[in-house]
Amino acid sequence: MGEKYYQYTAIDEFTRLRYTWYTNAHDTYASSEFAKRMVKYYR
């Protein structure tokens, strides 16, 4: 059976700019990593 991947997505409601990140981990570390990357992306 294949490996599972999880998608995290954030959408800026004003500009509709989307940030998507895929990971094979489904834990709190992956969620916090997504938040850090998202903030860096939108700066």
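These are my notebook entries on one predicted model.

**Entry 1: overall layout.** I started with the secondary structure, and the chain comes to one helix and two strands. Reading from the N terminus, I get the order β-β-α. I then looked up the extent of the C-alpha trace, which spans about 40 × 20 × 10 Å along its principal axes.

**Entry 2: the strands.** How do strand 1 and strand 2 pair, and over how many bridges? Strand 1 covers residues 6-11, and its pairing with strand 2 is antiparallel, over six bridges. I picked out one bridge to look at: Q7 has Y22 in strand 2 as its partner. The two strands make a hairpin, with six residues between them. In that turn I noted R16, whose phi is positive at about 65°.

**Entry 3: aromatic rings.** Next I went through the rings. The count comes to six aromatic pairs. I took W21 and F34 as the pair to write down: the centres are 6.4 Å apart and the planes make an angle of 25°. Why do I log W21 and F34 as stacked? Because planes under 30 degrees apart count as stacked, and the centres have to lie within 6.5 Å for a pair at all. This pair links distant parts of the chain, since W21 sits in strand 2 (residues 18-23) and F34 in helix 1 (residues 28-42), 13 residues apart.

**Entry 4: are those two rings' residues buried or exposed?** I checked W21 and F34 against the cut-off, which is under 20% relative accessible area for buried. W21 has 13%, so I put it down as buried. F34 has 9%, so F34 goes down as buried too.

**Entry 5: the ring cluster.** Which residues do the ring pairs link into a cluster? I wrote down Y8, Y19, W21, F34, Y41 and Y42.

**Entry 6: burial and surface for the whole chain.** Of the 43 residues, 19% count as buried. I looked up the accessible surface as well: about 3,900 Å², with 53% of that belonging to carbon and sulfur atoms.

**Entry 7: contacts and charges.** For contacts between residues at least 6 apart in sequence, I find that 20% join residues at least 24 apart. Last, I looked at the charges. The chain has 7 positive and 5 negative ones, and their mean positions are 4 Å apart.

**Entry 8: recap.** For my own reference, I have a β-β-α chain, a hairpin made by strand 1 and strand 2, and a stacked W21 and F34 pair that links strand 2 and helix 1.

Terms used
Residues numbered from 1 in each chain as written. Predicted model: local features only at pLDDT ≥ 70, side-chain atom pairs only at ≥ 80, totals over all residues. Heavy atoms only, no water. Helix = DSSP H or I, 4+ residues; strand = E, 2+ residues; numbered from the N terminus. Buried < 20%, exposed > 50% of the residue type's maximum accessible area, 1.4 Å probe, protein only. Contact = heavy atoms within 4.5 Å. Areas by Shrake-Rupley, 256 points an atom, 1.4 Å probe, with all protein chains shown as cover. Lys, Arg positive; Asp, Glu negative; His and termini not counted. Charge placed at Lys NZ, Arg CZ, Asp CG, Glu CD. Phe/Tyr/Trp six-rings, centres within 6.5 Å; stacked < 30°, edge-to-face > 60°. Pairing = 2+ DSSP bridges.
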